[in-house]
Amino acid sequence: FLLIASLIAPTVNALSAPIAPPPASNFFTISAMDKPNSLPLRMANRERHLVFANNPPSGKVRLAGPYIDNKGQMCGSFFIVEGSRGDVENFVKCDPYGTSGLFQTCEIEGFSWKLNPPDASMGGSSPAAGRMFSLLRCLDMPEVAPIRQEHGDAHRRHVSGYGDKVLCEGHVVDDDGRTCGSIFLLDLGSLEAGDFVKKDPFHLAGVYRSAEVRPWRCVIDHRG
């Protein structure tokens, strides 16, 4: 992978009662790296994993696929899952990859989906499935919320300039809901993804303390 541093009483008349807004969707990312020399273990559990990920007992997998190493081999997994943190933790606990001992590390982070979130109008299509992307994960310096706000419009113009090359963008959020980074799925090669972040106004303004690019292949696209 490429590492770029620097960087509450009910009413009697239901018709007159105010209509509560629907609850906000909760998304989490799961980023897991395989143990060394474990490709045979991954392959032995792959079919069971895919069946599980397409119909988990709780939550819903929206995007998922493997990280790809510099030899073209699968070496980890990245998921975006909709549900509660408990749903996501249960997913990790029950996933055949997890129960088989495949993963060396596994990190769950809150995710605020900003660009190209799930959309029922997609009608169940899976346009990204089977395609390669670069997964760019940027982590923020401490106390940079004012800088993010100041440069937000310029950042959004930068992202929109890449058009449909940006499959997905969202914020990494901590347990208190505060933004602490960004994740992008880019239809770009690793070097082009590196250029993308180097030109990002957030990077130029000193928002990011690190940026990491990993090749990633989309296998599940359930945004529709």
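User: Happy to start at Glu107: what is its relative accessibility in this model?

Analyst: Good place to begin! In this predicted model, Glu107 counts as partly exposed, because partly exposed runs between the buried limit of 20% and the exposed limit of 50%. Its relative accessibility is 39%.

User: Which residue meets the side chain of Glu107 in a salt bridge?

Analyst: Glu107 lies in strand E5 (residues 103–115) and its partner in strand E6 (residues 132–140), so the pair ties together parts that are 30 residues apart in sequence. That partner is buried, with a relative accessible area of 18%. The N to O distance is 3.6 Å, and the partner is Arg137.

User: What is the N to O distance in the salt bridge of Glu109 and Arg137?

Analyst: Here both Glu109 and Arg137 are buried. Glu109 is in strand E5 and Arg137 in strand E6, 28 residues apart. Their side chains meet at 2.6 Å.

User: And Glu169: which side chain of opposite charge is nearest?

Analyst: Glu169 sits in strand E7 (residues 166–173), and its contacts beyond four places in sequence include Phe111, Trp113 and Lys114. It is buried yet has no salt bridge. The nearest side chain of opposite charge is 6.3 Å away, and a salt bridge needs a distance within 4 Å. That side chain is Arg148.

User: Lastly, which element gives the largest share of the lining of the largest cavity?

Analyst: The cavity holds about 70 Å³ of space. Helix H1 (39–54), strand E3 (60–68) and strand E4 (74–82) each give two or more residues to its lining. The largest share, 4 residues, comes from H1.

Key. Residues numbered from 1 in each chain as written. Predicted model: local features only at pLDDT ≥ 70, side-chain atom pairs only at ≥ 80, totals over all residues. Heavy atoms only, no water. 1 Å grid on protein atoms, 1.4 Å probe; cavity = no way out; pocket = protein on both sides within 12 Å on 5 of 7 lines; lining within 4 Å. Points joined across faces, edges and corners; volume = space filled by probe spheres on them. Buried < 20%, exposed > 50% of the residue type's maximum accessible area, 1.4 Å probe, protein only. Lys, Arg positive; Asp, Glu negative; His and termini not counted. Contact = heavy atoms within 4.5 Å.
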